[in-house]
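Work through the exercises below with the model open. Try each task before reading its solution.

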Amino acid sequence: MTTQPILELKNVHSGYGSIKALKGVSLKVMPGEIVAIIGANGAGKSTTLMTICGIVHAEIGEVYYHGKLINKVSAEKLPTMGLCQVPEGRRIFPRLSVEENLILGAFYRNDNDQINKDIQQAYDLFPILGERSRQAGGTLSGGEQQMLAIARALMTKPKLLLLDEPSLGLAPIIVQQIFDIISRINREDNVTVLLVEQNANLALQAANRGYVIETGEITMEDKADTLIKDPKIREAYLGE
Amino acid sequence: MIQEFKKVWKQYTIGMLWLLGLLWPLLGIHPDGTLTFRTTMMVWSYILAGSFVCFVIYVMKAGDSLKFIVDPVSRVVGNIRTASSALPTWVWILAILVFALIYPQFAGRYGTDVAISVLLYICLGLGLNVVVGLAGMLDLGYIAFYGVGAYTYAILNTTYGLGFWVCLPFSGALACVAGCIVGYPTLRMRGDYLAIVTLGFGEIIRLILNNWMTMTNGPNGILGVKSIGIFLPVFENGFTFEHFWMKKLQLFYYFALALAILAAIGVQRLNFSRVGRAWESIREDETAAELMGVNTFMYKLLAYAMGAVFAGLAGAFFAARMRFVSPESFTFLESAMVLCMVVLGGMGSIPGIILGVIALIALPEVFREFEAYRMLIFGATMIIMMLFRPAGLIPAKRVGTRSEEKEG
């Protein structure tokens, strides 16, 4: 392929103080793809996303977004560049209303008319949020909060959406709903998605390609359909 | 009723025994080494009798035996509440304003003096509310900026003879600069760590005021600060302006009132602006705010500096009223008091803070006779408040108000 990757990590090392969580992660995400990173607890999945977003700083290695080095770009500038993360555990603003949560998603934007239209669009995508627009975010159920977190991230008009464990702590039926919406966003709005999941089965079904991360290193990289059939993967992550 | 009694009697007994254990060392151990039990038992039995009545009432209420009293009372309270909420907010504001305007006419010199102090603390409380209530940063060194404002006016006035209105912006600006200088290194911290670091910086500023003899005259303070001056038109020999130093306390009251009103309007506007929303997002979840594109560091610094500006303005008024400043007025206890006012009134709620200030400044003045027990009552009130109304006297109506207002 000759097209430029939308996101590329080259030999990224990062961690928290003396704890090294990533020991040389390299990966590529092409425009329009859904890419899944799967791995066990503490393998470095969330740290990878946090390093991309500049919350955790890479010690060695480079992160490129659209061919531009973003290691030194501070976290709050990334949404303006079209890179947004739905953090692990939702992290919505609990005492602000659903609508205010969405408005905060559009914080860097000044086009009020378009923001209002986008809020309506978010309500179309997640009708339950429209019903609860006046309610405090913290009073929503887990699934609704996850939807709100995704809707809030979509308000930044991302080109690349990073999702950290969207299935965490949710009922299977809600998880299915959320993954359907992720595929829909990817298909209809042409948003590239980088997905981090413990639920390997689900993630690989939704994704085009997958990476397997183990103790801070990428150990496998392939098409999602190939990975899902791989006996080692099935044994380690799918419980067979 | 027996059921209810069984549920709580153990806790009640343990509580009363705990109180006995607390009282006896205080009342029964004497400095000459003798131990007595009589006074302790007497005080304790009074408290026991009083609390037992409360206990019985509680048990009866829980057991529905008091329905014939509780029901009509709650109905009356409910009626009052609906009646008061039927009045639009502006009626309330107008009533309070009218009262504030005519207050010095019937209050004496002492009453006006207390009211000025209340108004200055309202300005302080509203400023701290920006930092604590909106941006969610616990600031224990807030009074330092009050001190910076007060000293700025005192020094400019005594050394250069500048008037109050010239110095007022300087007081605000210098407090703002001090806020930025202190905030820049400290605001990288979060939560408890931030509280401790701000406590430290607050003390540092106070120590500078205390020890910089050449500039601040150290612990002796600065004497002879002039009060507010106003320009009045004079028509002798043609039209000129003449400068008067204000001697009357009533006029000062009106200026302080203007300051408090401006502070209230300012904080209200900030609260419902884009900046206010950014602050609230930082309070709710700093990392998420950062991921959504809020420059958390800049907004935190802005909140800190804004709070400092309010404190600096109030400080200039304080210096002008006291005609004297000394580091004594800017101790940690003052910071704690302002924080108590904000928490007691209700974080993020402007009417709440006003009520909190009145409760903590005016009520102790009213109960001057019980001065010895003031702090005891103060402490007990805070504990009771935190138990029964943890969100404050008038909690902020956070959820949804903004969105509803937008539509209405």
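**Exercise 1. The open sheet of four strands**

In what order do the 4 strands of the open sheet in chain A run, and is the pairing parallel or antiparallel?

Solution. This is a predicted model, so keep that in mind throughout.
- Start with the order: β2-β1-β4-β5 of chain A. The pairing is antiparallel.
- Next, find the edges. They are β2 (19–29) and β5 (68–69) of chain A, and each pairs on one side only.
- Now take the pairing of β1(A) with β2(A). It is antiparallel and extends over 8 bridges.
- Inspect the link between these two strands. β1(A) and β2(A) form a hairpin, with 2 residues between them. A:G17 sits in the turn and has a positive phi of about 65 degrees.
- Turn to the other neighbour of β1(A). Strand β1 (residues 7–16) and strand β4 (residues 58–65) of chain A run antiparallel and are joined by 6 bridges.

**Exercise 2. Register across the strands**

Which residues stand opposite A:L9 in β4(A) and in β2(A)?

Solution.
- In β4(A), A:L9 faces A:V63.
- In β2(A), the bridge partner of A:L9 is A:L27.
- Check the register with a second pair: A:S14 stands opposite A:A58 in β4(A).

**Exercise 3. The open sheet of six strands**

What is the order of the 6 strands in the other open sheet of chain A, and which strands are at its edges?

Solution.
- Read the order as β6-β7-β8-β3-β9-β10 of chain A. Here the pairing is mixed.
- The edge strands are β6 (83–86) and β10 (217–223) of chain A, each with pairing on one side only.
- Then consider the twist. On average, neighbouring strands of this sheet are turned by 15 degrees against each other, direction ignored.
- Zoom in on one parallel pair. Strand β7 (residues 160–164) and strand β8 (residues 192–197) of chain A pair over 5 bridges.
- Within that pair, A:L162 stands opposite A:L194 of β8(A).

**Exercise 4. A helix across strands of both sheets**

Which strands of chain A does helix α1 (residues 45–52) lie across, and at what angles?

Solution.
- Begin with the sheet of Exercise 1. α1(A) lies across β1, β2 and β4 of chain A. It runs at about 70 degrees to β2(A).
- Go on to the sheet of Exercise 3. α1(A) also lies across β3 (34–38), β6, β7, β8 and β9 (209–214) of chain A. The angle to β7(A) is about 145 degrees.

**Exercise 5. Chain A as a whole**

Why does the radius of gyration of chain A agree with a compact globule?

Solution.
- Set the expectation: with 240 residues, a compact globule would have a radius of gyration near 18 Å. Chain A has 17 Å, so the two agree.
- Add the dimensions. Along its principal axes, the C-alpha trace of chain A spans about 45 × 40 × 40 Å.
- Add burial: 49% of the 240 residues of chain A count as buried.
- Add contact range. Among contacts in chain A between residues at least 6 apart in sequence, 69% join residues at least 24 apart.
- Finish with the inventory: chain A has 10 helices and 10 strands.

**Exercise 6. Where the chains meet**

How many residues of chain B are in contact with chain A, and which helix of chain B gives the most?

Solution.
- Count the contact: 21 residues of chain B meet 27 residues of chain A.
- List the helices of chain B that supply at least two residues each: α11 (274–284), α12 (286–291) and α17 (401–407).
- Rank them. α11(B) gives the most, with 5 residues.
- Sort the chain B side by class: 6 nonpolar, 7 polar and 8 charged.

**Exercise 7. A helix pair in chain B**

At what angle do α7 and α13 of chain B pack?

Solution.
- Helix α7 (residues 164–186) and helix α13 (residues 296–322) of chain B pack at about 140 degrees. Their axes are 7 Å apart.
- The crossing of α7(B) and α13(B) is right-handed.
- Their contact has 18 nonpolar, 7 polar and no charged residues.

**Exercise 8. One loop residue**

Is B:A396 buried or exposed?

Solution.
- Locate B:A396: the loop between α16 (374–388) and α17 of chain B.
- Count neighbours. B:A396 has 22 other C-beta atoms within 10 Å, and the cut-off is 20 or more, so B:A396 is buried.
- Identify contacts beyond four places in sequence. B:A396 touches B:G346, B:M347, B:G348, B:S349 and B:G352.
- Take B:G348 from that list. The C-alpha atoms of B:A396 and B:G348 are separated by 5.6 Å, though the residues are 48 apart along the chain.

Notes: Residues numbered from 1 in each chain as written. Chains lettered and ligands numbered in written order. Predicted model: local features only at pLDDT ≥ 70, side-chain atom pairs only at ≥ 80, totals over all residues. Pairing = 2+ DSSP bridges. Contact = placed C-beta atoms within 7 Å. Axes fitted to C-alpha atoms, helices over the stretch in contact; angles between N-to-C directions. Nonpolar A, V, L, I, M, F, W, Y, C, P; charged D, E, K, R; others polar. Rg over C-alpha atoms; globule rule 2.2 N^0.38 Å. Buried ≥ 20, exposed ≤ 12 C-beta atoms within 10 Å, placed from the backbone. Left-handed = near helix turned anticlockwise from the far one by under 90°.
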